Amino acid sequence: PAPQAVATATFTTGVLGAGGGYWLTKTVHEGSHINGGANTITFTLRPSIAIAQTDAAVVTVTGLTGSQTADSQQLVLGGADSVKFAVSGVPSRAGWSKNTGVLVLT
C-alpha cells in the first residue's frame with residue numbers, strides 16, 4: 001500500500017515553537033490491509049525547523065481507530081528516530097490509547 005498524505009488541518013505547529021515552522025512532510029503508511037493481521041504503521045513527519053527539545057514538547061497523533069493493540073503507556077517504537085521519543089526516561093516508547101486512537105510522543 002502507498003503512503004497517504006495527512007491533511008494539513010490535522011496538524012498544529014505548537015511543537016515547532018514560535019519560529020514560523022511548518023510540516024514539509026506528513027504521511028502515514030500501513031504495511032498491510034489484511035483485517036486481523038499484524039501490521040506496521042509508519043509515520044513520517046519532517047518539520048521545516050527543529051522540533052522544540054523541551055520536556056513540554058509533545059507530538060499527539062489522533063484518529064488511529066480500528067487498532068487491536070491494547071492500551072499502553074510504554075508502546076515500543078521502531079525506526080532510526082524512535083530513540084528521540086521516550087516515556088519516563090525509557091527511549092523508543094510512546095503512550096497509546098486503543099479506545100480513543102491516540103498516540104502520544106514525548
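Ser92 is buried, with a relative accessible area of 11%; buried here means under 20% relative accessible area, exposed means over 50%, and partly exposed is in between, using a 1.4 Å probe and protein chains only. That's a handy place to start looking at this predicted model, in which local features need pLDDT of at least 70 and side-chain atom pairs count only at pLDDT 80 or more, while totals for chains, interfaces and linings use all residues. Residues are numbered from 1 along each chain as its sequence is written, and side-chain values use heavy atoms, with hydrogens and water left out.

**Around Ser92**

Ser92 sits in the loop between strand 7 (90-91) and strand 8. Strands are DSSP runs of E with at least two residues, helices are runs of H or I with at least four, and both are numbered from the N terminus. The side chain of Ser92 makes a 3.0 Å polar contact with the side chain of Ser82. A polar contact is a pair of N or O atoms within 3.5 Å; within protein, one must be able to donate a hydrogen and the other to accept it, and residues adjacent in sequence count only if both atoms are side-chain atoms. Setting aside residues up to four places away in sequence, Ser92 touches Leu75, Val76, Leu77, Ser82, Val83, Phe85 and Ala86, where a contact means heavy atoms within 4.5 Å.

The backbone of Ser92 is worth a look too: its phi is near 60°, a positive value in a residue other than glycine. Most residues other than glycine have a negative phi. Ser88 also goes positive, with phi near 50°. Ser88 belongs to the loop between strand 6 (86-87) and strand 7, and at 74% relative accessibility it counts as exposed.

**The overall picture**

Zooming out, the protein has 0 helices and 9 strands. Of its 106 residues, 19% count as buried. The accessible surface comes to about 7000 Å², and 56% of that belongs to carbon and sulfur atoms; these areas come from the Shrake-Rupley method with a 1.4 Å probe, and for residues only the protein chains shown count as cover. Among contacts in the protein with a separation of 6 or more, 42% are between residues 24 or more positions apart.

**The sheet**

Strands 4, 9, 8 and 5 line up in that order as an open sheet of 4 strands, with antiparallel pairing. Two strands count as paired if DSSP finds at least two bridges between them. Strand 4 (59-61) and strand 5 (72-76) are at the edges with a single partner strand each, so one side of each has no neighbour in the sheet. On average, neighbouring strands of this sheet are turned by 30° against each other, direction ignored; the axes behind such angles are lines fitted to C-alpha atoms, for helices over the stretch in contact, and angles run from 0 to 180 degrees between N-to-C directions.

Here are the strand pairs of the sheet, each with one bridged residue pair:

| Strand pair | Bridges | One residue pair |
|---|---|---|
| Strand 4 and strand 9 | 3 bridges | Val61 and Leu103 |
| Strand 8 and strand 9 | 3 bridges | Ser97 and Val102 |
| Strand 5 and strand 8 | 3 bridges | Val76 and Arg93 |

Strand 8 (residues 93-97) and strand 9 (102-105) form a hairpin with 4 residues between them. Gly101, in the turn, has a positive phi of about 70°.

**The core**

The largest nonpolar core has 7 residues: Val59, Val61, Leu77, Ala94, Trp96, Leu103 and Leu105. Such a core is a set of buried Ala, Val, Leu, Ile, Met, Phe, Trp, Tyr and Cys residues joined through side-chain atoms within 4.5 Å. At least two residues of this core come from each of strand 4, strand 8 and strand 9. Leu105, beyond its neighbours up to four places away in sequence, touches Ala57, Val58, Val59, Leu77, Phe85 and Ala94.

**Arg46**

Arg46 lies in strand 3 (residues 41-47) and, at 48% relative accessibility, counts as partly exposed. Leaving out neighbours within four places in sequence, Arg46 is in contact with Tyr22, Trp23, Leu24 and Thr25. The C-alpha atoms of Arg46 and Tyr22 are 8.8 Å apart, and the two residues are 24 residues apart in sequence.
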